[in-house]
Amino acid sequence: MSLARPSKNFTGITFLTDEMAVKRMELLKEVTPKARRVAVIYNPQHFDDEVTFARRGAESLGIELTTHPINSAADLNAALLAASTGGADSLFIISSRLTGLVAGKIAQYGQERRLPVITSWREFVDSGALLSYGPSRVFEAKRLAGYVQKVLNGAKPADLPIEQPVKFELVINLKTAKALGLNLPLPLLDRADALIE
């Protein structure tokens, strides 16, 4: 089984973007050059290896990375407390259904403690996180609808490759940046696909 030949009844578009974790870590360093200790909040039951890639990115930038897994929404408070107790100066959220459910709470925590929150899904930034860089879920959902149409028209899922995202977006919450006292670099703002004010 591979993405090109998924076999059986598997097909679609994957949102797994492990390699993008390195880019997100670089963006974190760009918006907060003094970042030294980043806390990663993630769901270990979510199928990806983004923590490994985030660690590589952190090491290449001289950043210490701590990991704080959550298996349910009830685990979030303990994870955030551990991150703060450990001296985190930024939060790096690995997007999943579970972390998406608590996105607003994470964003609020970050703002209250002046911790930038970086992630891959725009919805987190809409909830108050500082920055996201990752697949455009709206665009990719439209592509997925095309897959559904192909299957409804008789195509076998096993004959359709699993595709990776093709459209990525950088979204920055300017209101959050102001609340955190950050002066974001103009070149970064110029590269943004969306600025939330």
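**Exercise 1. Which residue in strand 5 does Phe 92 stand opposite?** Work out how strand 4 sits among its neighbours in this predicted model.

*Solution.*
Step 1. Start with the pairing partner: Phe 92 stands opposite Ile 118 in strand 5.
Step 2. Next, look at the sense of that pairing. Strand 4 and strand 5 run parallel, joined over 2 bridges.
Step 3. Now turn to strand 2. Strand 2 also pairs with strand 4 in the parallel sense, over 4 bridges, and Val 38 has Ser 90 in strand 4 as its bridge partner.
Step 4. Finally, sort the side chains of strand 4. Ser 90 and Phe 92 point one way, Leu 91 and Ile 93 point the other way, and all are buried.

**Exercise 2. Find the largest nonpolar core and say which element gives the most to it.**

*Solution.*
Step 1. The largest nonpolar core has 29 residues, and those with the most contacts inside it are Met 25, Phe 92, Leu 130, Leu 131 and Leu 170.
Step 2. Two or more residues each come from helix 1, strand 2 (37-42), helix 2 (50-60), strand 6 (131-135), strand 8 (168-173) and helix 8.
Step 3. Helix 1 gives the most, with 6 residues.
Step 4. Zoom in on Met 25: leaving aside residues up to four places away in sequence, Met 25 touches Val 38, Ala 54, Gly 57, Ala 58, Leu 61, Ile 63, Leu 65 and Phe 92.
Step 5. Another core, of 20 residues, lies apart from this one and includes Ala 79, Leu 98, Val 117 and Ala 129.

**Exercise 3. Is Arg 24 buried or exposed, and which side chain does its own side chain contact?**

*Solution.*
Step 1. Place the residue: Arg 24 belongs to helix 1 (residues 20-31).
Step 2. Check the accessibility. Arg 24 has a relative accessible area of 0%, so it is buried.
Step 3. Look for a polar partner. The side chain of Arg 24 makes a polar contact with that of Glu 50, at 2.6 Å.

**Exercise 4. Which residues of helix 5 are buried, and what follows the helix?**

*Solution.*
Step 1. In helix 5 (residues 103-112), the buried residues are Ala 103, Ile 106, Ala 107, Tyr 109 and Gly 110.
Step 2. Down the helix axis these buried residues fall within an arc of 160°, so they line one face of helix 5.
Step 3. Their cover includes helix 3 (76-85), strand 4 (90-93), helix 4 (97-101), strand 5 (117-119), helix 6 (122-126) and helix 8 (174-180).
Step 4. Go past the helix end to Arg 114, in the loop between helix 5 and strand 5. Arg 114 has a positive phi of about 55° although it is not a glycine.

Technical notes. Residues are numbered from 1 along each chain as its sequence is written. This is a predicted model: local features need pLDDT of at least 70, side-chain atom pairs count only at pLDDT 80 or more; totals for chains, interfaces and linings use all residues. Side-chain values use heavy atoms; hydrogens and water are left out. Buried means under 20% relative accessible area, exposed over 50%, partly exposed in between (1.4 Å probe, protein chains only). The arc is that of the directions from the helix axis to the C-beta atoms. Contact means heavy atoms within 4.5 Å. A polar contact is a pair of N or O atoms within 3.5 Å; within protein, one must be able to donate a hydrogen and the other to accept it, and residues adjacent in sequence count only if both atoms are side-chain atoms. A nonpolar core is a set of buried Ala, Val, Leu, Ile, Met, Phe, Trp, Tyr and Cys residues joined through side-chain atoms within 4.5 Å. Two strands pair if DSSP finds at least two bridges between them.
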